[in-house]
Amino acid sequence: MSSAENQDVSMEEIVSLCKRRGFIYQGSEIYGGLRGTYDYGPLGVQLKRNILNLWWKVFVEDREDMYGIDTTILMNPNVWVASGHVDTFNDPLIEDVETKQRYRLDHILEDAGVDVNGMSLEQMVEVVKEKGIKSPEGHDLGNAAKFNLLFKTSTGSVEDEKSVVYMRGETAQGMFVNFKNIMDSFYPDLPFGIAQIGRNFRNEISPRDFIFRVREFEIAELEYFIEESSWEKMFEDWVSGMMHWFELLGLPKEKIHQLEVPEEDRAHYSKRTVDFEFEYPFGTKEIGGLAYRTDFDLSNHEKHSGVKLRYQPKTPGTQPFIPHVIEPTFGVDRMVLAVLSNSWREDEVGGEKRMYLALPEHLAPVKYMVCPLVKNKPELVEKAREVFGALKKKYGAVIWDDNSNVGKRYRRADEIGVPKTITIDYQTLEDNTVTVRDRDTAEQIRIKINEI
Ligand code: GAP
């Protein structure tokens, strides 16, 4: 019997488990990979989907004031001009004078123990000079510049300036440009929100820390439209809403830190931002954020598109106005990584070391494993198949394992976080009872099949 607290785990251990057991693989692996891209395997995609289905239920289905949508990755390029991304969606870069390789200047400084909060590009360059900070290869650092993160591609058969389009850098803009459609189709009252989950693309200079910083990733976020006068209260309400969500993911409150982002570090559209940071194995880093985007986006889209993007209150005689926006945003891949690292446990069972993933049951990609005690007894296998079939029909996420001995099967189930393993043995044939083993305590109980 055993139970264990969450342990320190290294990224190497997580990456290795993810690959070996089919959670997450390096993108295009057989070609040597493509930096900053990862593919989800069968267990990873199910874990991610369980998180996203819960997100959609909590933030869209369970609420009366939320409208879920799904918009395109490619949009009219003017969207990104109006949103300010073409001009200001930049990261600071610095060049290795010998290799000409470019690095994220802020990351280089952070790695050297410098707090870069609030520093301008020029100030960061000064610190590099003062401290004599070198590139990761040990060379001098030279030119610094800002680098735009939007990926460009082109539409149609001719590639020229007119054919340029951007791969979306945030899902938010798809929601702003559909504000009028939602208003016209549903006539919502303020406050109301539009929610979306989708893929985003950013040409990150230094992708790193596995799926934490990648070039193609998912965001789950919502734009909550409000009256300007209510923004402070709404902001606080959403701070609580986001904390509640992290609890639903099983992430302990103590591991989530709220960081008030200083003005100089806020995105160009934000008047207040709180970053929610999680204690990952490689440090405490952003998992999600909350921003007060004012009426920045709708006003700019109104200006650039020439289409009025206003809310008309239903009280007669009141004037239409551009609502303000509070935006809770969550990095999906970062949530997957947080849930995985938070679930890592190591302990001893029957004198042997074991590792298991204590995934919350509602998120676990596999709910049950079913096995016959041995695989060369047809009556046992047949009975086990019956139980497996019934559970599979009901829960879907059920696996079958009849390889090697029971102990090894338990270890395999533990590693991927299967909450319960059901074994069919000789006694089952006599009295219709099975052994149910609990992942976290390794305790086994005997129950009737119809009580499973
Ligand atoms: N609409 C607001 C917005 O996009 P953001 O902070 O730039 O805000 C949202 O991104 C979330 O996406 C972040 O809180 C973070 O969790 C996640 N994220 C940002 N860049 C990422 C990257 N390169 N790789 C993985 N996740 C990323």
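**Buried cysteines, a ligand shell and a nonpolar patch**

Cys371 is buried, its relative accessible area being 0%. The model described here is a predicted one. Cys18 has a relative accessible area of 0% and is buried as well. Both cysteines fall in this class because buried means under 20% relative accessible area. As for disulfides, searching the whole structure turns up zero.

The ligand offers a good place to look next. It is surrounded by 20 residues, and the closest are Glu170, Arg202, Val214, Glu221 and Glu286. Where does this shell come from in terms of strands? At least two residues each are supplied by strand E10 (216-226), strand E13 (283-294) and strand E14 (324-331). Of these, E13 gives the most, with five residues in the shell around the ligand.

Several side chains place polar atoms beside the ligand. For Arg202, a polar side-chain atom lies 2.8 Å from an oxygen atom of the ligand. In the side chain of Glu327, an N or O atom is 2.9 Å from a nitrogen atom of the ligand. For Arg334, the distance from an N or O atom of the side chain to a nitrogen atom of the ligand is 3.2 Å. On its own, the ligand has 550 Å² of accessible area, and the protein covers 91% of this.

Turning to the surface, Leu373, Tyr426 and Leu429 make a nonpolar patch of about 240 Å². Leu429 belongs to helix H14, which spans residues 426-431. Is Leu429 buried, exposed or partly exposed? With 39% relative accessibility, Leu429 counts as partly exposed, because this class lies between the 20% limit for buried and the 50% limit for exposed.

Key:
Residues numbered from 1 in each chain as written. Predicted model: local features only at pLDDT ≥ 70, side-chain atom pairs only at ≥ 80, totals over all residues. Heavy atoms only, no water. Disulfide = S-S within 2.5 Å. Buried < 20%, exposed > 50% of the residue type's maximum accessible area, 1.4 Å probe, protein only. Patch = residues over 30% accessible without salt bridge, like charges linked within 9 Å, V, L, I, M, F, W, Y side chains within 5 Å. Areas by Shrake-Rupley, 256 points an atom, 1.4 Å probe, with all protein chains shown as cover. Salt bridge = Lys/Arg side-chain N within 4 Å of Asp/Glu carboxyl O. Helix = DSSP H or I, 4+ residues; strand = E, 2+ residues; numbered from the N terminus. Near = heavy atom within 4 Å. Polar contact = N/O pair within 3.5 Å; in protein donor to acceptor, adjacent residues only side chain to side chain.
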